[in-house]
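Colleague: I am new to this structure and would like a close look at a single part. Please take me through the largest pocket and what lies around it.

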Amino acid sequence: MPNLRDLEIILIIAFCTFLTRIFPFAVFGRGQTPSPIVKFLGKSLPGAVIAILVIYCIKTINFLEINTFVPQFIAIALVVILHLWKRNNLLSIGCGTVCFMILVQTVFK
């Protein structure tokens, strides 16, 4: 039988998750058209998120060691190509991450 505290923690997490899922519908309504600010954020944030992730990935590159910068630039190139081709953020970021991890763990040890 689970501990009472464990059950309380699970219920609190479930409640908070439910609140974060319902919040946009409570604030913006379900059938209303989004405000111009929300439309602007919807168009501009995906590119900004990708840019922030790329900057975060390359901020500590050491160009003196090939094992550190080549896998990152190959993964970044893959992300850019996939994003320009498919326009899917999850696909681009996911494939870039998998590519980077494979390169780091197998090719550039």
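Modeller: What follows describes the pocket, then a surface patch and one loop residue. The model is predicted, and the values below are computed from it. The largest pocket holds about 290 Å³ of space. Three elements each give two or more residues to its lining: helix 2 (36-58), helix 3 (66-86) and helix 4 (89-107). The residues that line the pocket are Ile50, Leu53, Val54, Cys57, Gln72, Ala75, Ile76, Val79, Ile93, Gly96, Thr97 and Phe100. By type, nine of the lining residues are nonpolar and three are polar, while none is charged.

Leu53 and Ile93 belong to the pocket lining, and both also take part in a nonpolar patch on the surface. That patch covers about 620 Å², and its other members are Ile37, Phe40, Leu41, Leu45 and Val49. Helix 2 supplies the largest share of the patch, six residues. One residue of the patch can be taken as an example: Leu45, which sits in helix 2. Its relative accessible area is 42%, so Leu45 counts as partly exposed; the class runs between under 20% for buried and over 50% for exposed.

Two of the helices that line the pocket, helix 3 and helix 4, have a loop between them, and Arg87 is found in that loop. Arg87 has a positive phi of about 55°, although Arg87 is not a glycine. Arg87 counts as exposed because its relative accessibility is 58%, and the cut-off for that class is over 50%.

Note on methods: Residues numbered from 1 in each chain as written. Predicted model: local features only at pLDDT ≥ 70, side-chain atom pairs only at ≥ 80, totals over all residues. Heavy atoms only, no water. 1 Å grid on protein atoms, 1.4 Å probe; cavity = no way out; pocket = protein on both sides within 12 Å on 5 of 7 lines; lining within 4 Å. Points joined across faces, edges and corners; volume = space filled by probe spheres on them. Helix = DSSP H or I, 4+ residues; strand = E, 2+ residues; numbered from the N terminus. Nonpolar A, V, L, I, M, F, W, Y, C, P; charged D, E, K, R; others polar. Patch = residues over 30% accessible without salt bridge, like charges linked within 9 Å, V, L, I, M, F, W, Y side chains within 5 Å. Areas by Shrake-Rupley, 256 points an atom, 1.4 Å probe, with all protein chains shown as cover. Salt bridge = Lys/Arg side-chain N within 4 Å of Asp/Glu carboxyl O. Buried < 20%, exposed > 50% of the residue type's maximum accessible area, 1.4 Å probe, protein only.
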